[in-house]
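Work through the following exercises with the sequence and the structure in view, and try each task before you read its solution.

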Amino acid sequence: MTRLLASDLLKEQILINKNTNCDRVDLEQIFLFILKVTRSDFYSKSHYLSSEDYKNLGDMINRRNDGEPLAYIVGKIGFWNIDLKVNKHVLVPRPETETIMELVLDSFDQQSIKILDAGTGSGAIALALASERKNWLIYALEKSENSIKIAIDNMNNLGLRVGFFRSNWLDAIQSSSLDVVVSNPPYIDANDLRLKADGVSKEPIEALVSKDQGFADLNKIIKDSFRCLVKGGRIFVEHAPEQSDLVEEFYEESNYTAIEVHKDLNGDNRVSSGIKN
Ligand SMILES: C[S@@+](CC[C@H](N)C(=O)[O-])C[C@H]1O[C@@H](n2cnc3c(N)ncnc32)[C@H](O)[C@@H]1O
């Protein structure tokens, strides 16, 4: 078989896949992944695809058009300042979750704290925090055994230190033992059409859906964190924009003070925080 010039093939695939899930950006990422080159390399030199590359290319484009997230297909995603391995067992970390990162890093600066990431998935929040603050004691819990394995792989690949363990939310945590809790829990209602969206439909349902119209896990984490936080300790939870009023009520019911709602980069209410006094 004649070798195929990758740049010509990319142009052709952009036309063929017009108006599909596999847009230009995704196609470019798939080509870079198959050729194992950077973007600048791709456009500054000639690259050729072997017949095996060509077959892999077709398979990956088909997977993307079947609704699989690009991050699962290329096996990784960037979050904050780190690259994380991801697969079908973990949620693909979202840019809006970086709102929690900014808030926590700004609030605690360099002081040494003991912090827990509840429902860590790929380890995204815990590991990004560990990369920024070497003097923090960082723990991360997760219900799914498969997720913990990926989070630990990510920790080892990145050479970072986080204490990962399995637990049903904060059940395994001692009272008054944490300075800070952060969490991006499942918060979507089981009937929400967003679950059918491109990419989302292939993610683990237990990472997305929560009972009580999406509020059950938010409510439990906020309640249980009050027991686990030290006096003066703080909690930051991510939620959907339309959930912020009820989440505020959960904070009030548990007697938190200084309750605040924080916006993400799109200007949507995304994270709520409170202090245990
Ligand atoms: C929305 S995902 C967030 C993952 C990661 N923190 C992120 O932001 O990419 C929620 C995570 O909570 C975990 N989870 C769901 N129910 C749980 C429970 N009862 N106890 C502990 N973790 C749970 C899921 O397995 C999933 O990894």
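**Exercise 1. The surroundings of the ligand**

Task: In this predicted model, find which of the 21 residues around the ligand come nearest, and then sort the shell by residue class.

Solution: Begin with the residues around the ligand, of which there are 21, and note that Gly119, Gly121, Lys143, Asn184 and Ala207 come nearest. Next, look for the elements behind the shell: α7 (124-132) and β6 (137-142) each supply at least two of its residues. Finally, sort the shell by class, which gives nine nonpolar, nine polar and three charged residues.

**Exercise 2. The order of the sheet**

Task: Trace the open sheet from one edge strand to the other, and describe how β10 and β11 pair.

Solution: First write down the order of the seven strands, which is β7-β6-β5-β8-β9-β11-β10, with mixed pairing. The ends of this order are the edge strands β7 (163-166) and β10 (257-263), each of which pairs on one side only. From one strand to the next, the twist averages 15 degrees. Now turn to the edge at β10, where this strand pairs with β11 (residues 269-275) in the antiparallel sense over five bridges; within this part of the sheet, Val261 stands opposite Ser272 in β11. As a last step, add the helix α11 (residues 244-253), which lies across β9 (229-238), β10 and β11 and runs at about 10 degrees to β11.

**Exercise 3. Two helix pairs**

Task: Describe the packing of α6 with α7 and the crossing of α2 with α4, giving the angle, the handedness and the residues in contact for each pair.

Solution: Take α6 (residues 98-108) and α7 as the first pair: they pack at an angle of about 40 degrees, and their axes are 11 Å apart. The crossing is right-handed. Ile100, Met101, Val104 and Leu105 of α6 make the contact together with Ile125, Ala128, Leu129 and Glu132 of α7. Sorted by class, this contact of α6 with α7 holds seven nonpolar residues, no polar residues and one charged residue.

For the second pair, the axes of α2 (residues 24-35) and α4 (residues 51-65) come within 10 Å and cross at roughly 145 degrees, and this crossing is right-handed. Here the contact involves Asp26, Ile30 and Ile34 of α2, with Asp53, Asn56, Leu57, Met60, Ile61 and Arg64 of α4. The classes in the contact of α2 with α4 are five nonpolar, one polar and three charged.

**Exercise 4. The domains**

Task: State how the protein chain is divided and how many Å separate the domain centres.

Solution: The chain is divided into domain 1 (4-66) and domain 2 (80-275). Taken over C-alpha atoms, the centres of domain 1 and domain 2 are separated by 35 Å.

Terms used:
Residues are numbered from 1 along each chain as its sequence is written. This is a predicted model: local features need pLDDT of at least 70, side-chain atom pairs count only at pLDDT 80 or more; totals for chains, interfaces and linings use all residues. A residue is near a molecule or strand if its C-beta atom, placed from the backbone, lies within 6 Å of it. Helices (H or I, at least four residues) and strands (E, at least two) are DSSP runs, numbered from the N terminus. Ala, Val, Leu, Ile, Met, Phe, Trp, Tyr, Cys and Pro count as nonpolar, Asp, Glu, Lys and Arg as charged, and the others, Gly among them, as polar. Domain bounds come from an automatic or database domain assignment. Two strands pair if DSSP finds at least two bridges between them. Axes are lines fitted to C-alpha atoms, for helices over the stretch in contact, and angles run from 0 to 180 degrees between N-to-C directions. Two residues are in contact if their C-beta atoms, placed from the backbone, lie within 7 Å. A crossing is left-handed if the near helix is turned anticlockwise from the far one by less than a right angle, and right-handed if clockwise.
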